[in-house]
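Dear colleague,

I am handing over the structure we spoke about, and below it you will find notes on what was found. Please read them with the model open beside you.

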Amino acid sequence: MVVYRRNARDQAVASADFAKLGQLILRQRFIRACIYQLAFAYIVAVVANLNLKNGLFSFVMAMFSSRTLGYTVAAYIAGLGVLGVHSQLYQVTRAAHSSHFPQLQRLLRNPRSTGAAVCAYALLSCYLFIVHRAIFGGRITQMWLYPEGYYGPPQLNPGWLASWVLAAMLGVCYGIKLVADERLQLAFPTIEQSRVYTLKDRMPSSFTRAFHFALGVLWRFWIVYLLFGWGMYRFVCGVLGKVMTTSSYGVGNPLFSASNIVFWLHSSTLVTLIWEFAHQLFEIVITEPTHINELSLDRNLCLLNGLKCIANPLVQHLAYQELYRITEFSSEQRVELLTDIDRKSGTMWSQVSGQCIGVIKSATEKLKAQNPAQHIKSLPSQSSRPKGLSASITTRAGGAPMADILRQNKNGATSADMATAKETGASGAVDLFGNEAQGLEKYVLTMLRDALLKSTLGQRILSRSLRARSTDVFSNFQQQTWAIRSLVRLVECSITDDEYGVVQADIASVLETLFAYFNELERSAAQADGLGGIGARDYNTQLTSRQTLAMIQVVRNALYIFTTTFYSYLEMLKLPAAQGRQLQAFADFQA
């Protein structure tokens, strides 16, 4: 069995199968995540058992109490359950959606995954509430009350029933929010740091998020149970009364008990905290930068096989992440890659660059298909940009700078938007969702659209809703970013590292690919109307175009890196006239 170590070339094996070695590393990482989860469970158990009445010794007593040991075991089992759920439901690429109600569309996109997440978290919540009541609960943990004495008939404890309802509601809400907010999609780190520091950075936000979520669920539960809880309680008592003798003695409402509310908030916060820790742990461990190619004796071929691994998106993303790390920080392996020329399949540079160019060309073709030329407005000329803005700032249609993406219109659509909607009128042709909607997703959204269009209030809601759009072009946004930056970095370093001149012959094709994608991105960003549906002019357009604008910056930065590096050699490049003009704009810092 190969022992994974970062710089251990003595542990290298003959296999160049990046996917096989990657699966080995991922299994080892999952085992490590299970070990780390035990430490997190112990931390949560200590926090749960803190008793400030004991003063300075409260922390010491909480560390070694028997209740801490019991709660650690229970929290660890729940954490393992969360790790198992995430290992089955995680997503690497983002599913395309285009809707005024994107969270609803995400829930309907894959009903099985949504149902599995909701059911799993509901069961885990009920399990942890049982443990919490057994360890910390008082009277609220008792299922039966004896208001007429122990020899009288029992009565169902309303606080006990309310606790079960809260537990189920907490799990269901967390599962829905997990899917609706795309938290199952892996977020790869932008910088490389040890998992200990990454966990330390995320722990404060986990505490805050857990408390806010638990508090939000609790006050919603309080309102819902105040309206419907007593009817539910009488119904359950009626069912029990048919099979056994129960007391009809009047009992108080558990919602107005301060001790019950404190117990529920304490339980909900701890349960959510266990889930948050497990969620953060899984994402950090799985997406941590790898050194898989160093496990192989032929590490260049191993890396190339990882770039070609289309069957496993996670392994392929790790390969591109590894390529970016090598090109950016490992001068030794970068030189080895550029000087690897004695292969029957071609130079290693041509094969690696071919994979990166393939990713960029695929995105370009998708963007062309999504935005046909006849439906795209021309880009504003340089002279039409607002004065006082730098020429290097990306502007969307209408002249707003990219920084305006962060400016959110709290009042929804503008008066001009509403005027447009009023003139146009809402009709059955309103596009509430994109062409990618199918099956249950399309059926539910169609019914929702028809229901909204039947009333004036529904039409107003539809016209004022912000349409969020995530296109298939940017489903692998991070992979495209790594491919572009790695490709340009190899070209940049070829001045000193390319001993055989294999890169110089392909510079023109690299520039052609980058400029083609850059032009399509600019054309897509020029679409002010049509992306957001009714009343899409100001913030709506910025919201739906943020991925396009971000990718424009990635490509623009790459082209500027090339221009500044080869500034003294630009006249020697033989480029088509159109590319020459564009490159001249970058050389003049006017692009």
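To begin with a single residue, Ser 58 is buried, since its relative accessible area is 8%, and a residue counts as buried when that value is under 20%. Ser 58 belongs to helix α2, which covers residues 58-64. Although Ser 58 and Val 46 are twelve residues apart in sequence, their C-alpha atoms lie 9.8 Å apart in space.

Before going further, please keep in mind that this is a predicted model. The pLDDT averages 80 over the chain, and 79% of the residues score at least 70. Two stretches call for care in reading. Over residues 1-8 the pLDDT is below 50, and this stretch has 24 contacts in the model beyond near neighbours in sequence. The pLDDT is also below 50 over residues 528-541, a stretch for which the model shows 39 contacts beyond near neighbours in sequence.

Turning to charged pairs, the structure holds 14 salt bridges, and a few of them are described here. One joins the side chains of Arg 106 and Glu 182, with a distance of 3.5 Å from N to O. Arg 106 sits in helix α4 (residues 102-109), while Glu 182 is in the loop between α6 (158-180) and α7 (195-241), so this salt bridge ties together parts that are 76 residues apart in sequence. Both Arg 106 and Glu 182 are buried. The two residues also belong to a network of salt bridges that links Arg 94, Arg 106 and Glu 182.

A second salt bridge is formed by Arg 299 and Glu 332, whose closest N and O atoms are 3.7 Å apart. Because Arg 299 lies in helix α9 (residues 299-307) and Glu 332 in helix α11 (residues 331-338), the pair ties together parts that are 33 residues apart in sequence. The two partners have their own surroundings: Arg 299 counts as buried at 8% relative accessibility, whereas Glu 332, at 60% relative accessibility, counts as exposed.

Asp 340 and Arg 343 form another salt bridge, with 2.9 Å between the closest N and O atoms. Here Asp 340 is buried, with a relative accessible area of 10%, and Arg 343 is partly exposed, with a relative accessible area of 23%.

On the surface there is a nonpolar patch made up of Ile 43, Val 47, Leu 50, Phe 59 and Phe 207, which together have about 390 Å² of accessible area. Among these residues, Val 47 is placed in helix α1 (residues 18-48) and counts as partly exposed, at 35% relative accessibility.

For the interior, the largest nonpolar core has 132 residues, and the members that touch the most others are Tyr 71, Phe 221, Trp 275, Trp 349, Ile 484 and Tyr 517. The element that gives the most to this core is helix α8 (residues 258-287), with 14 residues.

Which residues is Trp 349 in contact with, leaving aside its neighbours within four places in sequence? The list consists of Leu 337, Leu 338, Gly 354, Leu 487, Leu 490, Val 491, Val 502, Val 503, Asp 506 and Val 510.

With kind regards

Methods
Residues numbered from 1 in each chain as written. Heavy atoms only, no water. Salt bridge = Lys/Arg side-chain N within 4 Å of Asp/Glu carboxyl O. Helix = DSSP H or I, 4+ residues; strand = E, 2+ residues; numbered from the N terminus. Buried < 20%, exposed > 50% of the residue type's maximum accessible area, 1.4 Å probe, protein only. Patch = residues over 30% accessible without salt bridge, like charges linked within 9 Å, V, L, I, M, F, W, Y side chains within 5 Å. Areas by Shrake-Rupley, 256 points an atom, 1.4 Å probe, with all protein chains shown as cover. pLDDT = per-residue confidence, 0-100. Contact = heavy atoms within 4.5 Å. Core = buried A, V, L, I, M, F, W, Y, C linked by side-chain atoms within 4.5 Å.
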